[in-house]
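Hi everyone, thanks for making time for this. I'd like to walk you through a structure that may be new to you, so please have a look at it with me.

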Amino acid sequence: MNSTLTPTPVIPSNDQASFLMPTYARQPIAFVRGQGTYLYTQDGTAYLDALTGIAVCGLGHCHPAVTAAMIEQTSTLVHTSNLFQIPWQEEAGRLLCQVGGMERCFFANSGAEANEAAIKLARMSAYKKGITTPKIIVMEKSFHGRTLATLSATGNEKVQKGFYPLVEGFLRVPFGDVAAIETLAKAHDDIVAILVEPIQGEGGVNTAPQGFVYLEQLRALCDQHDWLLMLDEIQTGNGRTGKYFAYQHTAIKPDVLTTAKGLGNGFPVGACLVRDKASDLFGAGNHGSTFGGTPLACRTVYAVIDSIQKEQAIENAAKVGGYLKDLLNQEFAGLGITVRGFGMMLGIELPRACSELVARARDEQHLIINVTADNVIRLLPPLNLSQADADEIVERLVVLVKDFLAK
Ligand SMILES: Cc1ncc(COP(=O)(O)O)c(C=O)c1O
């Protein structure tokens, strides 16, 4: 299944210099092929993928309809420029707004870029109100990206360390704490927006103590103070939690919403969506991107959303994700373990730090997982996971976790 045009490059061995900046502590394994829920190494060994490239390949690896659309578009037209009309951008924007309950969208190339657009929208709303020192409320333990503005918004000092001075204008409160926001509202008259993840992904798959009611409380505060409610659905979006966007578990709508990851099923694309009072904040010249929304990116987005709909992948994420969560709860009962999350975004909090389980799952069980916030196993399997593969994930994980906790 390797390309006949270009041989797969060989990974440098440990004693050879790599030409890549060491920004990642990479695992000592390379995958050369992926299909559905499985990844394969050069020698053909299969690995069950409960991570999907960190919530990216929601339809599984190399989904046939998405691959076909990409191949056709690649051989037709890859890039023109946003100086011209791009029919596939219009189509993908229409479909994304339709499934996402929003009105307009800007296509970017990543999650961080989508959040940059949101932060700029908040600043533009301040400018239009005559506020010169705008503040955005953000959360402890949040993650919004690695650009300067988004790492400044992120609630994790490890991400910020070394990059001072941070971009100013962010006020931080504990996730789920509405009273803390009310206190801020009394002390500042230049707050313009709240930026929040419906479920904190990198922070440990954290749901607010009051559940999704939190988003309704934030909506009420934003309405009361004329702030923008900006949801970062980069990880929770595109069906991950069992709704197209996680906010759709509630009765409210945000003013601004950002997404990426699952939007391209592996193709790098992000989007910032707006509605109502945020719809007309940007005009010509206020924002842009050379690559944002190419015919190739948008044809891919269209194929992804279309496939998610046609294959009822979100319904499956809710059903099989619920089954997976129940099974994990049963298996881990009495071990001091908490299982949380929705759909195919699950966190398993262990009583102690467990980063070593990533390597053990990979090498002993051929299972790909992630550990975040030191002691939370994060499962982000494809939305279209079969019940048999859910059973398989649990079987492989349970052996490992029980052995780990017994020592
Ligand atoms: C909630 C959230 N926001 C933003 C980002 C940044 O996205 P990207 O890595 O595509 O820039 C991530 C990535 O993990 C994320 O989980």
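Let me begin with a question: is alanine 117 buried or exposed? Please keep in mind that this is a predicted model. Alanine 117 is buried, because its relative accessible area is 1%, and the cut-off for calling a residue buried is under 20%. You'll find alanine 117 in helix 4. If we set aside the neighbours within four places in sequence, alanine 117 is in contact with Cys272, Phe282 and His287. The last of these is a nice one to look at in the sequence as well: alanine 117 and histidine 287 are 170 residues apart along the chain, yet 7.5 Å separates their C-alpha atoms.

Let's stay with helix 4 for a moment. Helix 4 covers residues 111–129. It has 19 residues, and from the first C-alpha to the last it reaches 27 Å, close to the 27 Å expected at 1.5 Å a residue. Many of you will remember the general rule here: an α-helix has 3.6 residues a turn, so residues three or four places apart point the same way. With that in mind, have a look at the buried residues of helix 4, among them Ala114, Ala117, Ala118, Leu121, Ala122 and Ser125.

Both ends of this helix deserve a glance. At the N-terminal end, serine 110 acts as a cap, with a side-chain oxygen 3.1 Å from the backbone nitrogen of glutamate 113. Just after helix 4 comes glycine 130, with a positive phi of about 80°.

Now, on to the ligand. Which element gives the most residues to the shell around the ligand? That is helix 4 again, with 3 residues. There are 13 residues around the ligand, and the ones that come nearest are Gly111, Ala112, Asp232, Gln235 and Lys261. By class, the shell is made up of 3 nonpolar, 6 polar and 4 charged residues.

Let me point out a few distances. A polar backbone atom of glycine 111 is 2.8 Å from an oxygen atom of the ligand. On aspartate 232, an N or O atom in the side chain is 2.7 Å from a ligand nitrogen. For lysine 261, an N or O atom in the side chain is 3.2 Å from a ligand oxygen. The ligand taken alone exposes 390 Å², and the protein buries 81% of that.

Next, helix 3, which runs over residues 87–100. At 1.5 Å a residue, its 14 residues should span 20 Å, and the end C-alpha atoms are indeed 20 Å apart. Its buried residues include Ala92, Leu95, Leu96 and Val99. What do the buried residues of helix 3 pack against? They pack against strand 4 (104–108), strand 10 (270–274) and helix 9 (295–310). Following helix 3 is glycine 101, with a positive phi near 65°.

Before I stop, some backbone details. Threonine 52 has a phi near 45°, a positive value in a residue other than glycine. Alanine 55 has one too, near 65°. Threonine 52 lies in helix 1, and so does alanine 55. Threonine 52 is buried, with a relative accessible area of 1%, and alanine 55 is buried at 3%.

Finally, there is a cis peptide bond between tyrosine 164 and proline 165, with omega about -5°. Proline 165 sits in the loop between helix 6 (157–160) and strand 6 (170–173). Thanks for listening!

Note on methods: Residues numbered from 1 in each chain as written. Predicted model: local features only at pLDDT ≥ 70, side-chain atom pairs only at ≥ 80, totals over all residues. Heavy atoms only, no water. Near = heavy atom within 4 Å. Polar contact = N/O pair within 3.5 Å; in protein donor to acceptor, adjacent residues only side chain to side chain. Areas by Shrake-Rupley, 256 points an atom, 1.4 Å probe, with all protein chains shown as cover. Helix = DSSP H or I, 4+ residues; strand = E, 2+ residues; numbered from the N terminus. Nonpolar A, V, L, I, M, F, W, Y, C, P; charged D, E, K, R; others polar. Buried < 20%, exposed > 50% of the residue type's maximum accessible area, 1.4 Å probe, protein only. Contact = heavy atoms within 4.5 Å. Expected span 1.5 Å × (residues − 1).
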